[in-house]
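Got a minute before you head back to the bench? Here's a quick briefing to read alongside the structure.

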Amino acid sequence: MRVATDVGGTFTDLVCVDANGVRTVKADTTPPNFEQGVLNAIDKSDLDAAQFDYFAHGTTVVINALLSRKGSKTALITTRGFRDVLEIARGNRPDLFNIAFEKPAPFVPRYLRHEVTERLSYDGEVSTPVQLQELDEIVAHLRAEQVEAIAICLLHGYVNPIHEQQIKQRVLELWPQAAVIASHEVCREWREYERTSTTVLSAYVLPITNRYLGRLESHLHEKGLKPSPFIMQSNGGVATVKGTLADPITLVESGPASGMLGAASIGQIIGEENLIALDIGGTTAKCALIHEGKAQITTEYRIEWDRENPGYPIRTPVVDLVEIGNGGGSIAWIDEGNRMHVGPQSAGSSPGPAAYGRGGDNATTTDANLLLGRINPELFLGGEQKPDWNSLYNAFDKLAQQLGGSHEEVARGVIRIANANMVNALKLVSLNRGYDPRDFSLIAFGGGGAMHAVALAEELKVKKVIVPVNASVFSAWGMLMSDLRRDFLQTSVENLKECDPATVDSRYNDIACAAQQQCENEGIQREQMYVERYADMRYLGQEHTIKIPLADGNIDQQALKVACQEFHRAHEREYCFTLDNPIELVNYHVVVFGKIEKQPLVEKATTGASLEDARKAVRKVDFDDQGIHEADIYDLARLEPGMSFVGPAIIEDATNTIVITPHKQVRMDAYGNIHILIEGQD
Amino acid sequence: MPAIEQDNPYTLEIIKSSLIAIGDEMFAAMSRTSMSPIIYEALDYSVGVTDAKGDLIAQGNGTTVFLGMIDSLVEDILAKFQGNIYEGDVFVGNDPYSGGGTHLCDVAIAKPVFFNDQLVAFTVNKAHWVDVGGMSPGSFTTNASEIFQEGIQLPTVKIFEKGDALDSVIDILKANIRMPESSMGDFWAGMAANNVGEGRLHDLFSKYGEHTVKRAMDELLEYGETMIAAEIRKLPKGSFYAEDWIDDDGLGDEPLKVCVKIDITEDKFVADFSGSAPQALGPINTSRSGLVSAVRTIFKAMTNPKIPANGGCFRALEVICPEETVFSAKRPAPVSTYWETMLYAEDLIWKALAEHIPERLSAGHLLSVCAFILSGTHPATGEPTILVGPLVGGWGAMKDRDGLNGQFSIADGETYNFPVEITEARYGVKVNQYAFHNEDGGFGRYQGGKGNYLEYEVCCEEAFFTGSFGRFKFPPWGVDGGLQGSSNYVEILRGGQPCDPPEIYGKAARVPLKKGDVVRMVTATGGGWGDPSLRSPQAVAEDLKNGYITSEQAQRVYGR
């Protein structure tokens with residue numbers, strides 16, 4: 001029996017898969033003791049933890065600690081002359097015209113940023129040996145200040161970690177209980193500010209992650225769990241607890257990553273290798289591109305970053321996703337120039353949309369969907385509560401008075417603008433990177449994904465929409481589809497026109513060997529392992545790179561030639577031109593996977609029932625510019641593989657609403673996934 | 001596909017959002033393909049879309065300095081090439097005295113966009129090229145005396161016609177610049193940005209039709225106007241005045257007086273620079289388009305910093321300045337460090353109004369971009385290198401908080417400092433420190449933000465340093481009893497040691513350096529706000545603990 005639990009903002013989801021199929025449970029999330037929600041979910045499921053062969057866990061403990069500043073008092077040890085790098089940051093001001101701009105405060109105040117005499121040159125040669133005796137005084141100061149975590153980041157430590165290793169060792173000799181993370185353990189890419197920030201943030205969340213995983217693990221073992229749990233990482237793989245604690249910042253996007261990975265997995269099962277994945281929740285929508293079965297990974301990740309704030313960079317491998325402030329609870333509002341906007345402010349779950357009747361007086365996307373008949377009032381909030389229509393009409397009155405038009409016209413406008421925002425985000429991950437959406441299917445999940453997906457797909461011109469089975473607990477399900485995964489990136493610039501392929505080959509081998517060794521130390525079996533290699537490449541003179549996958553086997557002249565051709569193609573696709581300049585390899589990227597056996601997806605049973613049995617009603621639904629129609633309403637639970645019909649229609653249950661515009665062909669596949677054709681033939 | 005209701009207000013909203021998004025996309029395309037750190041790190045460039053008349057519709061900015069330049073370039077093209085503009089044409093220009101010109105380093109590339117054989121828009125970008133020839137590597141210098149020393153002039157010419165490259169123009173261009181590969185790489189990056197914009201515009205026009213998109217463009221301009229008008233009504237009304245001094249013109253040593261008189265009424269904002277110093281002999285002059293950009297920038301900061309900039313935002317703004325002043329130079333006056341003076345135009349308005357709009361304006365900040373050029377060779381490869389960059393420094397305090405430490409000037413924006421690790425690897429200099437300094441300045445109830453030291457040690461046999469560090473003689477101003485900040489300057493440490501007397505410059509032109517010499521670049525601490533005696537003891541204690549002030553300063557200034 002294989003089990004995954006995913007801690008979300010509102011609910012803690014549990015998914016259990018065995019030969020009998022899939023079972024799901026939702027329990028309340030229980031801040032601040034999140035492990036309690038996990039235990040409650042297990043209790044609620046009536047499952048016996050002693051029977052779990054495998055247990056995966058996705059957690060928001062890291063992102064919560066960062067966003068609420070609940071991490072530990074952290075210190076930094078760095079190269080003499082450079083302690084202010086963390087505070088200067090990059091000096092940028094995205095809010096260009098705002099003179100009252102506020103610069104983000106560093107996570108380590110200046111008095112806890114210490115300098116050590118040492119220096120490496122840019123090629124990693126020691127130019128000034130490290131003066132370890134300076135650490136006596138520094139460590140004494142940090143102990144006196146009751147610092148809980150220490151980050152070490154030195155200039156050019158990514159090329160040669162020798163001084164960082166020496167300093168870490170000396171700190172631990174002086175203070176054996178100290179929680180210490182050095183930059184080479186979390187990031188081997190150049191740019192000292194980004195690497196320092198990553199190291200500092202990893203140290204900042206180390207103690208809290210350690211405590212949380214410790215409590216979780218011991219409670220689970222008390223319940224009888226035998227295997228050690230695996231923890232979902234931001235890179236779309238899982239890791240052992242030991243591996244996670246070596247670099248806890250890898251958990252920063254734990255939840256969203258597994259949803260995207262689930263999308264990739266289901267795509268492989270049903271033969272859809274090119275997908276645009278869309279996850280719409282209460283406050284945000286997230287999307288990612290899956291090309292040839294793989295989600296893209298990036299290390300250019302930042303928290304608290306938007307058009308007005310520089311945020312904090314975290315150079316850890318993260319599934320490359322775009323997140324925007326548009327979800328079910330996003331508020332519609334009008335600015336001084338009389339333009340309507342939707343989001344990014346959200347009504348959240350309290351007070352929630354106007355129709356919740358909990359004092360929310362702003363119209364939200366959910367309210368608009370309700371008003372247009374797309375959400376079934378009987379199933380509102382899982383059928384547990386009737387919509388508060390007075391509150392909803394009052395909210396739309398406010399907008400209609402300013403903009404003119406009926407409630408319905410305003411509601412259509414709200415959806416249109418929300419959809420336009422989401423289409424822009426979907427274009428960011430597809431068109432803007434040179435991918436043609438017509439080669440892709442849109443896979444939609446999360447609470448609101450299926451409600452908007454068809455309209456978005458029409459706008460984007462993808463060929464079809466897929467609403468996967470288990471769409472409402474998709475992130476937890478995705479964890480059961482992932483392998484163990486650790487990413488190792490190393491900046492080392494090679495001019496591919498001049499370099500010896502053997503050098504490149506041996507460097508990849510060195511990194512892969514060290515990586516496999518580390519994975520073995522973290523509890524991954526050698527025989528489970530397989531390796532993928534990527535090269536971050538650019539034209540000589542450029543700064544930004546494009547990630548190119550490398551074929552397996554030795555890297556020789558021919559392999560480099562193929563990689564270069566691939567790079568030219570990728571550059572042409574993304575930027576519409578190529579150059580004759582020599583090409584540089586900038587980052588060596590090695591991924592070590594640990595293969596995990598998975599339960600195959602079980603086909604949905606058929607009973608011989610007819611489509612008519614699943615059609616439970618007809619309801620008037622407003623499809624905006626495609627008119628108001630009497631739409632067939634289908635019960636998702638009673639649809640069976642092979643059934644097909646044509647929109648206008650709604651498919652619904654207590655947690656899902658799939659909106660299907662007129663003339664669209666719909667069918668359910670063998671596993672229970674819903675396919676909606678947008679253009680062309682299936 | 002269903003028919004689209006042409007003038008549905010929500011459809012128009014969506015077109016407007018898409019137009020704004022085009023600016024962002026063009027911006028990203030340029031950054032990711034550029035060959036020069038000044039573009040991909042400092043983001044010293046701007047992209048934009050205008051309508052067929054040249055009204056600015058959307059702009060993507062890395063810096064604030066280009067706010068007045070996209071639209072005037074297009075107006076210039078329309079005037080000069082009337083009847084001679086075809087699909088597939090590309091224009092290139094850097095004339096400082098017309099067409100939105102600044103200095104020769106800023107090269108604009110413009111592409112007319114056609115739909116159904118009609119000219120419907122332009123996509124434009126303007127970027128700082130690392131070198132455009134002239135007397136000095138990096139092309140800007142502090143002591144030029146005429147434009148001809150500052151690089152090749154491109155008086156808005158075609159570089160593509162009907163889709164074909166005009167190779168002769170490209171050849172002339174390449175022959176006149178020091179690093180043709182890098183600069184032509186940036187040219188192609190600019191072309192890529194324009195093509196991205198053109199593609200997206202085509203999509204919009206084919207989907208919604210010419211009539212609807214044009215209507216959305218007009219509404220976007222009206223929207224900008226309406227949003228700003230609402231803010232002008234909230235500004236203090238009346239006349240305001242400020243004056244200040246520019247250090248010198250780079251050739252001589254005399255300070256230059258500049259001043260502004262501002263009149264704010266219910267629906268108009270007038271800035272009059274009459275009385276400012278006449279056009280100077282040195283390259284400190286700015287042309288009128290720099291002046292307009294500067295006033296637009298501070299005007300936007302005071303009214304609505306948030307909304308995307310377009311031509312409509314500036315309809316209530318009037319800029320008055322007589323001909324041939326330091327703010328309105330005429331050919332062939334040198335202009336290569338124009339930004340120093342351009343920024344004074346912003347700063348004068350800022351200074352005149354800071355106490356009247358304290359929620360939006362701070363005390364004086366470092367102001368100068370503190371741009372420098374270090375040219376030499378990479379010791380490992382022997383290849384020539386030109387390191388060009390701006391520097392971070394201190395911002396002014398506000399009425400209720402300290403100023404920001406280590407930020408770029410208002411001239412910059414989404415500008416990134418160069419990582420030390422990349423600087424050392426790519427340029428072969430050694431960076432000795434990058435840190436806040438404790439020079440006196442900016443004390444007050446709220447303190448100005450800290451300025452920085454950045455030290456480069458020369459590792460090749462011979463190198464040259466050029467730098468323009470304005471506010472060397474006249475530090476950033478304080479407000480309401482807050483003290484003035486410290487100065488921007490550069491000090492050369494020969495063989496790593498201070499000279500006697502110290503070798504200090506506000507403006508340095510091609511100062512020769514030898515291996516082992518250290519260039520210490522020092523940026524200003526911002527101005528303070530409020531009397532230092534009112535600073536809270538806790539704040540002073542925190543500053544001491546963090547080393548932001550010395551114990552001597554705490555004693556002397558704050559009596560602790």
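What follows is a walk through the chain contact, the domains and a few local spots.

This is a predicted model, so treat everything below as computed from it. Chains A and B touch each other, with 48 residues coming from chain A and 64 from chain B. Chain A is split into five stretches named domain 1 to domain 5, while chain B has a domain 1 and a domain 2.

**Where the chains meet**

- Chain B puts 64 residues into the contact and chain A puts in 48.
- On the chain B side, these elements each supply at least two residues: α1 (9-33), α2 (37-40), α5 (180-208), α6 (210-232), α7 (288-302), α9 (420-427), β14 (430-436) and α10 (537-546).
- Which element of chain B gives the most to this side? That's α1(B), with nine residues.
- By residue type, the chain B side breaks down into 30 nonpolar, 21 polar and 13 charged.

**Domains of chain A**

- Domain 1 covers 2-66 + 217-254, domain 2 covers 74-209, and domain 3 covers 255-480 + 666-682.
- Domain 4 takes in 484-594, and domain 5 takes in 611-665.
- Going by C-alpha atoms, the centres of domain 3 and domain 4 of chain A are 34 Å apart.
- Where those two touch, domain 3 of chain A brings five residues and domain 4 of chain A brings four.
- The domain 3 side of that contact in chain A has two nonpolar residues, two polar and one charged.

**A parallel sheet in chain A**

- Here you'll find an open sheet of four strands, paired in parallel and ordered β6-β5-β9-β10 in chain A.
- Which strands sit at the edges? They're β6 (113-116) and β10 (179-182) of chain A, each pairing on one side only.
- On average, and ignoring direction, neighbouring strands of this sheet are turned by 20° against each other.
- Inside the sheet, β5 (residues 74-79) and β9 (residues 149-153) of chain A run parallel and are joined by five bridges.
- For one of the pairs, look at Leu76(A), whose bridge partner in β9(A) is Ala151(A).
- Helix α5 (residues 162-174) of chain A packs on the sheet and touches β5, β6, β9 and β10 of chain A. The direction of α5(A) makes about 175° with that of β10(A).
- Helix α7 (residues 192-222) of chain A lies across β5, β9 and β10 of chain A, at about 160° to β9(A).

**Two crossing helices in chain A**

- Helices α11 (residues 389-403) and α12 (residues 407-429) of chain A pack with their axes 9 Å apart, at an angle of about 90°.
- Angles of 65 to 115 degrees count as roughly perpendicular, so that's the label for α11(A) and α12(A).
- From α11(A), the contact uses Tyr393(A), Phe396(A), Leu399(A), Ala400(A) and Leu403(A). From α12(A), it uses His407(A), Val410(A) and Ala411(A).
- The tally for this contact is seven nonpolar residues, one polar and no charged.

**Domains of chain B**

- Domain 1 of chain B spans 9-227 and domain 2 of chain B spans 362-560.
- Their C-alpha centres lie 33 Å apart.
- Each of these domains of chain B gives 20 residues to the contact between them.
- On the domain 1 side in chain B, that means eight nonpolar, nine polar and three charged residues.

**Buried spots in chain B**

- Asn310(B) sits in the loop between α7 and β11 (317-320) of chain B. Is Asn310(B) buried or exposed? Asn310(B) is buried, because 28 other C-beta atoms lie within 10 Å and 20 or more is the cut-off.
- Leaving out residues up to four places away in sequence, Asn310(B) touches Leu56(B), Ile57(B), Ala58(B), Leu220(B), Leu221(B) and Gly224(B).
- Glu225(B) is 85 residues from Asn310(B) along the chain, yet their C-alpha atoms are separated by 8.8 Å.
- Helix α3 (residues 70-80) of chain B has several buried residues, including Ile70(B), Asp71(B), Leu73(B) and Asp76(B). Among the elements covering them are β1 (45-51), β2 (56-61) and α7 of chain B.
- Strand β20 (residues 518-522) of chain B has four of its five residues buried, so β20(B) is largely enclosed by the rest of the structure.
- Both β15 (residues 452-457) of chain B and β17 (residues 489-493) of chain B pair antiparallel with β20(B), over five bridges each.
- Glu457(B) has Val518(B) as its bridge partner in β20(B), and Tyr489(B) stands opposite Val522(B).

Methods: Residues numbered from 1 in each chain as written. Chains lettered and ligands numbered in written order. Predicted model: local features only at pLDDT ≥ 70, side-chain atom pairs only at ≥ 80, totals over all residues. Contact = placed C-beta atoms within 7 Å. Nonpolar A, V, L, I, M, F, W, Y, C, P; charged D, E, K, R; others polar. Domains from an automatic or database assignment. Pairing = 2+ DSSP bridges. Axes fitted to C-alpha atoms, helices over the stretch in contact; angles between N-to-C directions. Parallel < 35°, antiparallel > 145°, perpendicular 65-115°, else oblique. Buried ≥ 20, exposed ≤ 12 C-beta atoms within 10 Å, placed from the backbone.
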